[in-house]
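Here's a quick briefing to read alongside the model. Have the sequence and the 3D view open, and we'll go through it topic by topic.

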Amino acid sequence: GHWQGALQLLREAEADLKVLNPVLYVAAIGACGKASRWDTSLQLLWQMKQVGMSPSLIAYSAAMSACNRAGQWQEAVSLAERIQSAGMAMDDVAYRAAINANQRATRWKQTLELLAEMRGLQLDPG
């Protein structure tokens with residue numbers, strides 16, 4: 001599948017270039033998410049941290065979406081909490097993923113708080 005190709009590309013780039021490319025990681029996380037490989041998406045996110053990269057909001061959002069897609073709402077909620085505790089400014093994509101996860105986990109208070117934050121930032125909740 002596409003996710004396996006994305007992982008292969010990431011591994012080849014690391015071997016050939018001897019550099020770690022956060023863009024390739026995000027692409028691989030997204031491809032794994034689309035294939036419902038949420039566990040691999042999370043492994044890649046944590047691997048970024050292990051090799052000294054700071055995962056971007058886009059990387060976290062892609063991993064959250066992967067977890068949501070696979071019905072792993074608690075994992076997605078945990079990622080949303082990590083984003084907020086790290087002090088990252090969430091964008092509309094990250095908010096939507098966090099809201100989706102909290103709704104599915106029946107965390108209504110957190111869902112309403114996130115919606116209020118979005119409105120306060122004049123972001124479209126979709």
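One cut-off to start with: a residue counts as exposed when its relative accessible area is over 50%, and as buried when that value is under 20%. By that rule Gln122 is exposed, because its relative accessible area is 74%. Keep in mind that this is a predicted model. The protein has 7 helices and 0 strands, and 40% of its 126 residues count as buried.

**Fold and confidence**

- Reading from the N terminus, the order of elements is α-α-α-α-α-α-α.
- Mean pLDDT for the protein is 86, with 88% of residues at 70 or more.
- Which element has the lowest mean pLDDT, and which the highest? Helix α1 (residues 2-17) sits at the bottom with 67, while α4 tops the list with 93.
- Where pLDDT is low, the predicted coordinates should not be read in detail.
- Among contacts with a separation of 6 or more, 56% are between residues 24 or more positions apart.
- The accessible surface is about 6,900 Å², and carbon and sulfur atoms account for 53% of it.

**The nonpolar core**

- The largest nonpolar core counts 35 residues, and Ile29, Leu45, Met64, Leu79 and Met90 have the most contacts inside it.
- Six helices each put in at least two residues: α2 (22-34), α3 (38-50), α4 (57-69), α5 (73-85), α6 (92-104) and α7 (108-120).
- Of these, α4 gives the most, with 7 residues.
- As a general point, nonpolar side chains tend to be buried together in soluble globular proteins.
- What does Ile29 touch, once residues up to four places away in sequence are set aside? Its partners are Ser41, Leu44, Leu45, Met48, Ala59, Ala62 and Ala63.
- Several of those names come back in the helix lists: Ser41, Leu44, Leu45 and Met48 are among the buried residues of α3, and Ala59, Ala62 and Ala63 are among those of α4.

**Helix α3**

- α3 has 13 residues and reaches 18 Å from first C-alpha to last, close to the 18 Å expected at 1.5 Å a residue.
- Its buried residues are Thr40, Ser41, Leu42, Leu44, Leu45, Gln47 and Met48.
- After the helix comes Gly52, with a positive phi near 95°.

**Helix α4**

- α4 is mostly covered, as 10 of its 13 residues are buried.
- The buried set is Leu57, Ala59, Tyr60, Ser61, Ala62, Ala63, Met64, Ala66, Cys67 and Asn68.
- Which helices do these buried residues pack against? The answer is α2, α3, α5 and α6.
- From its first C-alpha to its last, α4 reaches 18 Å, close to the 18 Å expected at 1.5 Å a residue.
- Asn68 lies in α4 and counts as buried because its relative accessible area, 7%, is under 20%.
- Leaving out residues up to four places away in sequence, Asn68 touches Trp73, Ala76, Ala97, Asn100 and Ala101.
- Gly71, just after α4, takes a positive phi of about 75°.

**Ala94 in α6**

- Ala94 belongs to helix α6, and its relative accessibility of 0% makes it buried.
- Beyond its neighbours within four places in sequence, Ala94 is in contact with Leu57, Ser61 and Met64, which also appear in the buried list of α4.
- Ala94 and Leu79 are 15 residues apart in sequence, and their C-alphas are 10.0 Å apart in space.

**Cysteines**

- How many disulfides does the structure hold? The count is 0.
- Cys32 is buried, with a relative accessible area of 0%.
- Cys67 is buried too, with a relative accessible area of 0%.

**Positive phi outside glycine**

- Thr106 is not a glycine, yet it has a positive phi of about 50°.
- Thr106 sits in the loop between α6 and α7; is it buried or exposed? It is exposed, because its relative accessible area of 52% is over 50%.
- Gln122, another residue other than glycine, has a positive phi near 60°.
- You'll find Gln122 in the segment after α7, where it is exposed at a relative accessible area of 74%.

Notes
Residues are numbered from 1 along each chain as its sequence is written. This is a predicted model: local features need pLDDT of at least 70, side-chain atom pairs count only at pLDDT 80 or more; totals for chains, interfaces and linings use all residues. Side-chain values use heavy atoms; hydrogens and water are left out. A nonpolar core is a set of buried Ala, Val, Leu, Ile, Met, Phe, Trp, Tyr and Cys residues joined through side-chain atoms within 4.5 Å. Buried means under 20% relative accessible area, exposed over 50%, partly exposed in between (1.4 Å probe, protein chains only). Helices (H or I, at least four residues) and strands (E, at least two) are DSSP runs, numbered from the N terminus. Contact means heavy atoms within 4.5 Å. A disulfide is a pair of cysteine sulfur atoms within 2.5 Å. Accessible areas come from the Shrake-Rupley method with a 1.4 Å probe; for residues, only the protein chains shown count as cover. The expected span of a helix is 1.5 Å times one less than its number of residues. pLDDT is the predictor's confidence in each residue, from 0 to 100.
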